[in-house]
Amino acid sequence: MCGAKQGVVAPAPTAPGVPPAPVAPGYPGGPAPMGQAYNPNVAVQPTVAPPMPQSLKCSSCGGPMKPSGGLALVVCEYCGAVTTMGAGGAAEIIQKHFMLDSRISNEQALDAGGKWLNKGVFRRKVAERSELGTVTLKYVPYWVVPTSVVADFQGTKNVGGGAGVGMMAHGDSGAKKAAGAALFALTIAAAAAGSQNRNQPVNTQPQVVRVRDPIQMQHNIPVVAVRGYSKYQPDDGFQFQLQNKLNFDKRSTGGVDVQGGDVGEPEAKAQAQALAHKFIEKEAKKRVDTLESIQVYPTTYDGELLHAPVWFMEYAHKGKAMFILIDGHSGQVMDGERPTFALW
Ligand SMILES: [Zn+2]
């Protein structure tokens, strides 16, 4: 057995999908792409360069375009127009391109984040006990996909016998709604028990009630149009204030960085369907104790591209890195991570 094979040279590690570092054309000695560990056991794939137009010009202002993250959405750095590759492979400007204006200051963003952190009886002073990290404001592209979803579900709910009393200590709106639903179910159960057993003592044994219900929801679901920006994806039903949207105009961004994208509309629609499924399943689970089955029928309609001002706040709580996402237009928290509870 001979160790060294002649003529086999370890290939330079290549990372398709990683945006190329800014290197002047024709200058091959640029920095090597980072982000992928070299694994000698992986079969060597010939790397095929994606078909890149030799000279892509913005058809809105004529400026040269430098696609970095792929050709699905290329933002012109001069005028902000977004070019996409149409079905026939031709470059076309996205016409349904909107924005929201940035309305809150850095201070207001921090304030909103702090309030969100401290919300709830178990979370007082979390903000004070957290260390603030980097805070950034960017215009981030989202596909806003109008989605309607219908679901048929079946399940059971435990009522009677004081079920649920003392269990609703969370104090947020979800728990309040659940408490309301439980009360409603109890009333129905009591009425049913009353009509069946007029001369019997009130039945206080726990009972199981069947719940079978269609639910319908309409959402303008925002899907972040940048791969790798998963933390910018609200997944709890957040919606932008679309009634305030403006036609995109780079002059109205106030010099804030406008992020390009790489997620096309068909992919965004598929993601919107998946999110709709998740939202409606969550809604169904609020109405039962045991969800036995659910059928979900989502429909998506043509979306539009929205550049929204988004504050991204990094912070650390007891050494754990977390983040908060704030809509720079409304000042609302879009999503984030916070400690489950913190004793003060
Ligand atoms: Zn342009």
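Two residues are in contact if their C-beta atoms, placed from the backbone, lie within 7 Å of each other. Keep that cut-off at hand for the whole tour.

**Before you click**

What you have open is a predicted model, in which local features need pLDDT of at least 70, side-chain atom pairs count only at pLDDT 80 or more, and totals for chains, interfaces and linings use all residues. Residue numbers start from 1 along each chain as its sequence is written.

**Stop 1: colour by confidence**

Colour by pLDDT, the predictor's confidence in each residue, from 0 to 100. The chain averages 78, and 68% of the residues score at least 70. Now select residues 1–36: pLDDT stays under 50 there, and the model has 21 contacts beyond four places in sequence for this stretch. Do likewise for residues 163–190, where pLDDT is below 50 and the model has 24 contacts beyond near neighbours in sequence.

**Stop 2: switch to cartoon**

Helices (H or I, at least four residues) and strands (E, at least two) are DSSP runs, numbered from the N terminus. You should find three helices and eleven strands, and walking along the sequence gives β-β-β-β-α-β-α-β-β-α-β-β-β-β. Take the contacts between residues at least 6 apart in sequence: 72% of them join residues at least 24 apart.

**Stop 3: select Ala-272**

Ala-272 is found in helix α3. Which residues does Ala-272 touch, not counting those up to four places away in sequence? They are Val-145, Thr-147, Ile-221, Val-223 and Thr-300. Draw a distance to Thr-299 too: 27 residues away in sequence, it sits 9.3 Å from Ala-272, C-alpha to C-alpha.

Is Ala-272 buried or exposed? Here a residue is buried if 20 or more other C-beta atoms lie within 10 Å of its own, exposed if 12 or fewer, and partly exposed in between, with C-beta atoms placed from the backbone. Ala-272 has 25 other C-beta atoms within 10 Å, so it is buried. Over the whole chain, buried residues make up 26% of the 344 residues.

**Stop 4: hop to Val-223 and the core**

From Ala-272, step to Val-223. Beyond its neighbours within four places in sequence, Val-223 is in contact with Tyr-142, Trp-143, Val-145, Ala-268, Gln-271 and Ala-272.

A nonpolar core is a set of buried Ala, Val, Leu, Ile, Met, Phe, Trp, Tyr and Cys residues joined through C-beta atoms within 7 Å. The largest one has 55 residues, and Tyr-142, Val-223, Ala-225 and Ile-326 have the most contacts inside it. At least two core residues come from each of β1 (74–75), α1 (106–118), β5 (130–159), β6 (207–224), α3 (265–286), β9 (304–317), β10 (320–327) and β11 (333–336). β5 gives the most, with ten residues.

**Stop 5: look down α1**

Select α1. Its 13 residues reach 19 Å from first C-alpha to last, close to the 18 Å expected at 1.5 Å a residue (that is, 1.5 Å times one less than the number of residues). Ala-109, Ala-112, Gly-113 and Leu-117 are buried in α1. Turn the view down the helix axis: the buried residues fall within an arc of 135°, so they line one face of the helix. The arc is taken over the directions from the helix axis to the C-beta atoms.

That buried side packs against β5, β9, β10 and β11, while the face turned away from it carries the exposed residues Glu-107 and Lys-115. Just after α1 comes Gly-120, with a positive phi near 105°.

**Stop 6: the three-strand sheet**

Select β1, β2 (82–85) and β3 (91–93). They form an open sheet in the order β1-β2-β3, with antiparallel pairing; two strands pair if DSSP finds at least two bridges between them. β1 and β3 are the edge strands, each pairing on one side only. β1 and β2 are joined by two bridges, and Val-74 stands opposite Thr-83 in β2.

In the loop between β1 and β2, pick Gly-80. Gly-80 counts as buried because it has 22 C-beta neighbours inside 10 Å. Aside from neighbours within four places in sequence, Gly-80 is in contact with Val-75, Phe-248, Lys-250 and Val-258.

**Last stop: Lys-318**

Finish in the loop between β9 and β10, at Lys-318. Its phi is near 50°, a positive value in a residue other than glycine. Lys-318 counts as exposed because it has 10 C-beta neighbours inside 10 Å.
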